[in-house]
Each structure stands twice: as C-alpha cells, then as structure tokens.
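Please take a moment to look over the chain before reading on, and keep the display open beside the text. The paragraphs below go from the confidence of the model to its charged side-chain pairs.

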Amino acid sequence: MDLISITQQRYDSAITLSVIVPYFNEVDVLPQLHARLTAVLDAMPERCEIIYVNDGSDDTSLQVVEGFRSTSSIVRSVSLSRNFGKESAMSAGLEYSRGKAVVIIDADLQDPPELIPQMMAKWREGFDVVNMQRRERHGETWFKRQSAAMFYRLLNGLTKSAIPENVGDFRLLSRRVVEHINRMPERNRYMKGIFAWPGFHQYTMQFDRDARFCGETKWNYFKLFGLAVDGITSFSIRPLRLATFFGALIASGAFVYGVVIIAQTLLWGNDVTGYPSMMVVLLALGGIQLLSIGVLGEYIGRIFIESKQRPLFLVDSVKEKPAVMIFNTMEKRA
C-alpha cells in the first residue's frame, strides 16, 4: 500500500461528523443544499462526511448527487434498490455513517445547515442527542400545524417514552446512540420515537423552520395519518387497552340498562321503545366494535411484518468521493 493510500485511510478513519441526507426526487434542491452544506462543513475544524441516501428516486437526483465534487468532506452516495420510505432511508444512512457525531437533515432546505456548528458545540459539551425543536413552521398551513401539535400531545399521552414535541428528524446523535439504534431489530420504524427511546443526555434547541426551497412536499395528509398510526402502534399498546376498557364499559352499561328495563316492565309496564333510538344504539355498538377490530388488526399486521424478518432496505450501489486533503493551509484535527 502506497503512502497516499495509507494517508487517505488514516484521514477517513478519524471522521468526527457524519451528515445524513435522505432524499426522494429532489433534483431541483440538491445542488443548493450541497453548496450550503459544504460551505458550513468546510469552515468547521472537524473531519466530516456527507452521506446522501437515494430512496429510489425516479428522476435524475442520483445522477446529480454522484456528480457532486468533494471538498474537505467525504461525499458518499448510497442508493437503495427502490423506494423503501424515509424511515428506512434514514436507517441506511445510520448504518453507513462513521462519525463520532451524526446529524440527520432533510434535503428540502427547511432545516438550515448553518445550525450544525451550534449542534456540534452542544455535542462537545457532552450531550448525546441535540433535538432541533421548530419554534416557527413557515410555509405550512394552520391546519397542519395544529394537527401536528395535537398528534404529539396524543402520542406522549399514550406512550411511556417522552418524544419531544414539534421535533422532526433534524437532530444530532452521538456515536453510542447511533450504535444502539443500529442494533434495534424492529422493522416497523417510527424514527422520531426511536431517536428518543435510548435516552442519555439530551438538549433541545429551538429554531425557525423555513419553507421548502422549491418543489412540493412528498407527505400528503394520507401519508401523515399513516405515519401517526405507525408512531402510536410502535410505542404503545394503550389503544388495545382503551378498546378493552370501552368494551367493558359498554357491556356494563348495557347490563344495567337491561336490569332497569326489566324492573320497569315488571313493576309499571313499559311501551316498546322507538325504532330511531334502537338504531342509534346498534350503530354506536357496531362502530365501536369495528374500531376495536381495526386497532387489533393494526397490531396483528405489525406482528406479521416483524415475523417475516425481511431487511429494512436493499442497497443498489455505494459510491464515495474522498475528501480533498489540504494539510498545509486547512489542516483538520482528528
């Protein structure tokens, strides 16, 4: 092995910061993201790497990423074999990261890369997780902001793990937190809950989230509802207990009401109640039964998926461009 290869190997092995960027059909925003991200990382003393995870894009996003030039940071492109979803793409990025600290950031530039040095400062103070809490959410409708706030309150009310409210995927994780997450075997992944589950020393930093740089969000309300269901069922069995509670409550109420009807009939006589009231009771009972069956089905479906033990993702290709080493004028410490 020649001297250049040995030097490059030592340089790559001392990575301090890994930045993970999952993306799906973001061809218009990726060049601007890379420019801003590399400008931030080039100004930092740590040795860094950028991991772009292609979640099965069907536009030219992958070609754009593979054409990026590396500066003082390693640029690694991980392309999945198809669209596995953002949760799986982030899991792939964590698997391929090598830094002592790992930052996850969206590709749409709603999360400013310029905040990464502040996050690293908190990591150097000893925090294992730096949560980026959105103080303002520009570019989002009132309904989306209110529904998100209601979801977080509901989720924290149902789960035992404290999941930070209004915190997205933009955050910093220490290496030991990443290793614990990588060892989790579960297939149904709600990453916001998984990021919070290990615990350790956490710090929450507030910031104003920008609107999308360009393009449209890939998360419609139907997908957001599915993500909310995943979050609740992945971290709580209380919906099952609530179904049991309501079933017991209704059964008890029906028994008491039946005793009252029998007593009224024996003592005073009673006319036959009307058809509308009977239909209301039947429809209410049927609705609660269907809801309970649906909740039960969600959990059974997750058990079925977990039992198959399929991998979270399949990797089609991995390409890497080494960092440009300028040892005389901009030496980066290990």
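How many contacts beyond four places in sequence does the model have for residues 326–334, where pLDDT stays under 50? For residues 326–334 the model has 20 such contacts, and since the whole structure is a predicted model, that count should be read together with the low score of the stretch. The protein as a whole averages a pLDDT of 76, with 66% of the residues scoring at least 70. Residues 1–12 are another stretch with a pLDDT below 50, and in the model they have 17 contacts beyond near neighbours in sequence.

With these scores in mind, we can turn to the charged side chains, among which the count comes to 11 salt bridges. In one of them, the side chains of Arg98 and Glu49 meet with a distance of 3.3 Å from N to O. This pair links distant parts of the chain, 49 residues apart, for Arg98 sits in the loop between helix 4 (86–96) and strand 4 (101–104), while Glu49 belongs to strand 2 (residues 48–54). How far each partner is open to the surroundings can also be stated: Arg98 is partly exposed, with a relative accessible area of 39%, whereas Glu49, at 0% relative accessibility, counts as buried.

A further salt bridge joins Glu66 and Lys319, whose closest N and O atoms are 3.5 Å apart. Because Glu66 lies in helix 3 (residues 61–66) and Lys319 in strand 8 (residues 315–321), this pair ties together parts that are 253 residues apart in sequence. Glu66 is partly exposed, with a relative accessible area of 23%, and Lys319 is likewise partly exposed, with a value of 46%.

Are Lys122 and Glu125, whose side chains meet in a salt bridge at 3.5 Å from N to O, buried or exposed? Lys122 has a relative accessibility of 18%, and because buried means under 20%, Lys122 counts as buried. Glu125, by contrast, has a relative accessible area of 53%, and because exposed means over 50%, Glu125 is exposed.

Finally, salt bridges can share partners, and in this way Glu49, Arg76, Arg98 and Glu320 are joined into one network. The network therefore takes in the pair discussed earlier, Arg98 and Glu49, of which Glu49 is the buried partner and Arg98 the partly exposed one.

Methods
Residues are numbered from 1 along each chain as its sequence is written. This is a predicted model: local features need pLDDT of at least 70, side-chain atom pairs count only at pLDDT 80 or more; totals for chains, interfaces and linings use all residues. Side-chain values use heavy atoms; hydrogens and water are left out. pLDDT is the predictor's confidence in each residue, from 0 to 100. Contact means heavy atoms within 4.5 Å. A salt bridge is a side-chain nitrogen of Lys or Arg within 4 Å of a carboxyl oxygen of Asp or Glu. Helices (H or I, at least four residues) and strands (E, at least two) are DSSP runs, numbered from the N terminus. Buried means under 20% relative accessible area, exposed over 50%, partly exposed in between (1.4 Å probe, protein chains only).
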